[in-house]
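Colleague: Could you walk me through this one? I would like to start with the sheet and then move on to the core.

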Amino acid sequence: MAFGLPGFVHGKKALRRSLSGVKEAALKSTTIPKGYIAVYVGEDRKKRYVVPISYLNEPAFQELLSMAEEEFGYNHPMGGLTIPCREDIFIDITSQFN
């Protein structure tokens, strides 16, 4: 005699769908599109920004990179490029690149 558990099967599929959505969201938050780099900006609390690689050619961005080199060398505590400046200054500088 077989027991039918249709609610269990549907619940399992719904759970699988919701978990795949969580995995997908996690991947989106960690993947960086081709042609971009992730940088962490801020003094106390670091915020992650994804910026075009073309910013590396900008003299003002190169100055920020020099600041990062002076402060951290090649040991960045966030695991990615960390720029030691206030977030509002970073936004002001990068908004001029367009």
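Modeller: What follows goes through the sheet, the helices and the core of this model, which is predicted.

Colleague: Okay, in what order do the strands of the sheet come?

Modeller: The sheet is open and has three strands in the order β2-β1-β3, and the pairing within the sheet is mixed. From one strand to the next, the twist averages 40°.

Colleague: And which strands stand at the edges?

Modeller: Those are β2 and β3, the latter covering 81-83, and each has a single partner strand, so one side of each is left without a neighbour in the sheet.

Colleague: In which sense do β1 and β3 pair, parallel or antiparallel?

Modeller: They pair in the parallel sense, over three bridges, and Val 41 stands opposite Ile 83 in β3.

Colleague: Switching to helices, what does α2 lie across?

Modeller: α2 lies across β1, β2 and β3, and runs at about 100° to β3. α3 also lies across β1, β2 and β3, but its direction is given against β2, to which it runs at about 10°.

Colleague: Now the core: how many residues make up the largest nonpolar one?

Modeller: Twelve residues make up that core, among them Val 39, Val 41, Val 51, Phe 61, Ile 83 and Phe 90. The elements that give two or more residues to this core are β1 (36-41), β2 (47-52), α2 (59-72) and α3 (87-95).

Colleague: Which residues is Val 51 in contact with, leaving aside its neighbours within four places in sequence?

Modeller: Val 51 is then in contact with Gly 35, Tyr 36, Ile 37, Val 39, Phe 61 and Phe 90.

Key. Residues numbered from 1 in each chain as written. Predicted model: local features only at pLDDT ≥ 70, side-chain atom pairs only at ≥ 80, totals over all residues. Heavy atoms only, no water. Core = buried A, V, L, I, M, F, W, Y, C linked by side-chain atoms within 4.5 Å. Buried < 20%, exposed > 50% of the residue type's maximum accessible area, 1.4 Å probe, protein only. Helix = DSSP H or I, 4+ residues; strand = E, 2+ residues; numbered from the N terminus. Contact = heavy atoms within 4.5 Å. Pairing = 2+ DSSP bridges. Axes fitted to C-alpha atoms, helices over the stretch in contact; angles between N-to-C directions.
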